Amino acid sequence: TILEVFSEGEDLAVKRALIDSAAGLGGGLASQGLTCGALIGGLMALNLRLVQRGVPDEERSRALKELAAEFKRRNPYTDCKDLTGMNFECDTLERCRARVVEVVEYMEEMLARMDQAGKT
């Protein structure tokens, strides 16, 4: 979902491939409850957007670390099962929606700050 939001401007085939390649992130890496797919998808999407803007490697690395640190600041855990308390054998993924929204909102804030600072 996050890659779809932040892959605007990509060729449709490229966009579809990006989205399809991230499908296994949901539910904490293939519904195993591991690292939050919203966090990983957010990192992928942020890097994609920064590459599109021509941001140098060092600045991209700092931005990715900032996103991960902000996620950790806002949430006590990074694993999906701990964040949501979901039983991946039977629960729906509705509880993940809050993490997806959170990551998208923070990425938008971050990119806006970078724009205002004239970094991108």
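**Exercise 1. Burial and surface**

Task: Find what percentage of the 120 residues of the protein chain count as buried.

Solution. The model is predicted. Buried means under 20% relative accessible area. By that cut-off, 36% of the 120 residues count as buried. Now turn to the outside. The protein chain exposes about 6,800 Å². Carbon and sulfur atoms supply 51% of that area.

**Exercise 2. Fold and dimensions**

Task: State how many helices and strands the protein chain has, and explain why it counts as compact or not for its length.

Solution. Start with the elements. There are six helices and zero strands. Read from the N terminus, the order is α-α-α-α-α-α. The radius of gyration is 15 Å, and the globule rule gives 14 Å for 120 residues; the two are close, so the chain is as compact as a globular protein of that length. Next, the extents. The C-alpha trace spans about 45 × 35 × 20 Å along its principal axes. Last, the contacts. Take those between residues at least 6 apart in sequence: 65% of them join residues at least 24 apart.

**Exercise 3. The nonpolar core**

Task: Identify which residues have the most contacts inside the largest nonpolar core, and which helix gives the most to this core.

Solution. Begin with a general point. In soluble globular proteins, nonpolar side chains tend to be buried together. Here the largest nonpolar core has 23 residues. Ile 2, Phe 6, Leu 46, Leu 50, Met 107 and Met 110 have the most contacts inside it. Two or more residues each come from helix 1 (2-6), helix 3 (37-52), helix 4 (57-74) and helix 6 (97-117). Helix 6 gives the most, with seven residues.

Now take Met 107 by itself. Set aside its neighbours within four places in sequence. Its contacts are then Ile 2, Phe 6, Gly 42, Ala 45, Leu 46 and Leu 67.

**Exercise 4. Arg 99**

Task: Decide whether Arg 99 is buried or exposed, and list what Arg 99 is in contact with beyond its sequence neighbours.

Solution. Locate the residue: Arg 99 lies in helix 6. Its relative accessibility is 17%. The cut-off for buried is under 20%, so Arg 99 counts as buried. Leave aside neighbours within four places in sequence. Arg 99 is then in contact with Cys 36, Ala 38, Phe 71, Asn 75 and Leu 83. Ser 61 gives a distance check. Arg 99 and Ser 61 are 38 residues apart in sequence, and their C-alpha atoms are 22 Å apart.

**Exercise 5. Charges**

Task: Give the distance between the mean positions of the positive and negative charges.

Solution. Count each sign: 16 positive and 20 negative charges. Their mean positions are 4 Å apart.

How values were computed
Residues are numbered from 1 along each chain as its sequence is written. This is a predicted model: local features need pLDDT of at least 70, side-chain atom pairs count only at pLDDT 80 or more; totals for chains, interfaces and linings use all residues. Side-chain values use heavy atoms; hydrogens and water are left out. Helices (H or I, at least four residues) and strands (E, at least two) are DSSP runs, numbered from the N terminus. The radius of gyration is taken over C-alpha atoms; the globule rule is 2.2 Å times the number of residues to the power 0.38. Buried means under 20% relative accessible area, exposed over 50%, partly exposed in between (1.4 Å probe, protein chains only). Contact means heavy atoms within 4.5 Å. Accessible areas come from the Shrake-Rupley method with a 1.4 Å probe; for residues, only the protein chains shown count as cover. Lys and Arg count as positive and Asp and Glu as negative; His and the chain ends are not counted. The place of a charge is taken as NZ of Lys, CZ of Arg, CG of Asp or CD of Glu. A nonpolar core is a set of buried Ala, Val, Leu, Ile, Met, Phe, Trp, Tyr and Cys residues joined through side-chain atoms within 4.5 Å.
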